[in-house]
Amino acid sequence: MKYPLYIAKRSVESTINNALLKLKYNCEIKIEIPPNELGDFAFPCFTLSSILKKSPNDIALEITKQIQKDKWIKKVEAKGGYINFYLDFELLKKSTFEVLFDNKVEYGTFEKKNKKVIVEHTSANPNGPLHVGRARNPIIGDTITRIFKAAGYNVESQFYLDDMGKQVAILAWGVNNLKEKDIPKYDYEKQDHKTVGYYQMASTLMKEKSEVSEEISKIVKLSEEGDKKILDMVHKAYNPVLEGIKESMKRINIEIDSYIPESNFVKNKSVDEVIEKLKKSDYCKDENGALFIDLEPFGIKGRNTKFFFLRSDGTTLYATRDIAYHIWKANQADILINVLGEDHKLESKQVEIALNLLNEKKIPKVIFYSFVSLPGGKMSTRQGRVVYLDDLIKECISQAYTEVKKRRKGELSEKEMKNIAEIVGIAALRFNIIKVQPEKDIVFKWEEALNFEGLSAPFIQYAHARTCGILSKTNFENKTFNSSYLTHDSEVKLIKTIAKFPLIIDEACESFRPHIITSYLFELASFFNQFYRDCPVISEENKDIRNARIGLVEATRTVLCNGLNLLGITAPKEM
RNA sequence: GGGCGUGUGGCCUAGCCUGGAUAAGGCACCGGCCUUCUAAGUCGGUAAUCGCGGGUUCGAAUCCCGCCACGUCCGCCA
């Protein structure tokens, strides 16, 4: 492990371990990070206290006496039942800068683990543009992908393409039977928006006219049988929509590695194997020729616990094909991650139970997110209140443009302002989604999402722009840089935060919690702003201090940039 | 009816998994700071029965039980 704070942490753990051995105390060594000014690491003695029937502080004092200091540990102090460790800051500072300037864009990342991860995300029905309710999906998925890459995994992102369900069949019928004049007007010059009208209109007709409904059912049936002509027709219908979806994602810096059509698993018969194996299961039952697994013994409760995987007409269902897809994925990766809406919880559980029955060892880790809603209540197509991801993007960029213009009109060209607005607007959007844990409901309020102050992407981007502003007026030279001149309280806090970055990536990855990155970057940017206030760089007359500060600014810029990258956010040189 | 998730100052969020040092931030509001590296910044202030009620514990926002509210699911849909 190349990162100093990790080495220091291990050193603290091992010295505690030795002290406990000497005292013949036995307990798990759990290190905490204490609140302000109480040291760099802390060891709580409360657990030992209950075992040994002594006061926590007496134990802390006793252990403290046995602590062997090493080069990392400068001071040890028992206080309030904790043992607080103060690290040798000079050493931490020097070695952190060393590893940072050696690694630069790689600072914070980990060495290759030689493990493959497949992150499945978005997987939206290609029957219309992405809508805001599911806007979290691509953003969470892409951020997870980036974090796992940084953590040293070999990551592939996948979009599971539903090319044979009822939704695309409706769309295909519409595209083939309706005229452009029959469909409602569209708001965007994008393929997905131009095409969704056919789906909406066909959907209405399907409910009104039984012959339309029958024709659509025929499309579904034929595509599930793997009819190549029908699948090709459906493909032609949804492809423009998919292109539109890709375009929207690209605009918010998301590119998915592979699109895996569901029909693959019908064509290559792997779904048939799934059925054959599930049939042999003791839990498989028959109802009028349709096959299901009763999930009640597996702890599933509700009105109906039957998981149907084969229709009485012999065709498969969505979840059945999903099982085949998961088996295929499991064969080519070590870790599977899925990002799904909370409405998929049961389906996901069904797949998991089936995978277990099929003796599949690689069970996906699923990140479920709650839907984004609007203040008025639930979003519904019928009420005509659909807000698309594209609306969100447009609004964020437009608001960002207003903000840039307010500040920089006259200084920047129109083109430059537009460019910054794009970068800032998209950043605000991604950041606002990621900063909240996926399982929390989000009620999307424009005034909050478009507030570019405080805990927001522009705050962090602005700090980055400030570092670039300083660096553009100076030169950073590694050889004239001596970190021992950095002693101001604001400098110390900033450096300690920089040293923490690799631990943050590690934690975000291990716990599948990308919002840890947003909190961290906010903290880093805040400390930089305090440094900016307290420690002049360009006007600093002492040359050694000046050079050291330039180095710190460059280091901060690196970490802010690397961190924003993890979130798929561009770090602008000016704003 | 049942499963799963969420409930923290006026609003939003972190902390919950792994119980401990004064419940941490942001927005809004009030009051300071631009002749000094872009004030998208910064400093200070007001503001919280951590949904409600029990329990476990030396100690509970955190663990357990019950209740309430909201979201979501319970289809031979996807």
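Trainee: What makes the surface near RNA strand B nonpolar, polar or charged, residue by residue?

Mentor: Its residues divide into 29 nonpolar, 15 polar and 27 charged. Ala, Val, Leu, Ile, Met, Phe, Trp, Tyr, Cys and Pro count as nonpolar, Asp, Glu, Lys and Arg as charged, and the others, Gly among them, as polar. "Near" asks for a heavy atom within 4 Å of the strand. This is a predicted model, where local features need pLDDT of at least 70 and side-chain atom pairs pLDDT 80 or more, while totals for chains, interfaces and linings use all residues. Residues are numbered from 1 along each chain as its sequence is written, chains are lettered from A and ligands numbered from 1 in the order in which they are written, and side-chain values use heavy atoms, without hydrogens and water.

Trainee: Why is the pair of Arg311 and RNA strand B called a polar contact?

Mentor: A polar contact is a pair of N or O atoms within 3.5 Å; within protein, one must be able to donate a hydrogen and the other to accept it, and residues adjacent in sequence count only if both atoms are side-chain atoms. A polar side-chain atom of Arg311 lies 2.8 Å from a phosphate oxygen of the strand, so the pair meets that limit. For Arg303, the partner is a base oxygen, at 3.0 Å.

Trainee: How do you know that Lys406 and Glu403 form a salt bridge?

Mentor: The rule wants a side-chain nitrogen of Lys or Arg within 4 Å of a carboxyl oxygen of Asp or Glu. Here the closest N and O atoms are 3.3 Å apart, so the rule is met. The two residues are 3 apart in helix α14, about one helical turn. Helices (H or I, at least four residues) and strands (E, at least two) are DSSP runs, numbered from the N terminus.

Trainee: What makes Lys406 exposed or buried, and what about Glu403?

Mentor: Buried means under 20% relative accessible area, exposed over 50%, and partly exposed in between (1.4 Å probe, protein chains only). Lys406 has 59%, so Lys406 is exposed. Glu403 has 15%, so Glu403 is buried.

Trainee: What does the salt bridge of Glu523 and Lys500 tie together?

Mentor: Their closest N and O atoms are 3.0 Å apart. Glu523 lies in helix α19 and Lys500 in helix α18 (residues 489-510), so the pair joins parts 23 residues apart in sequence.

Trainee: Why does Asp163 have no salt bridge?

Mentor: The nearest side chain of opposite charge, Lys267, is 5.8 Å away, so the salt-bridge limit is not met. Asp163 is buried, and a polar side-chain atom of Asp163 lies 3.4 Å from the backbone nitrogen of Glu262.

Definitions and conventions
Lys and Arg count as positive and Asp and Glu as negative; His and the chain ends are not counted.
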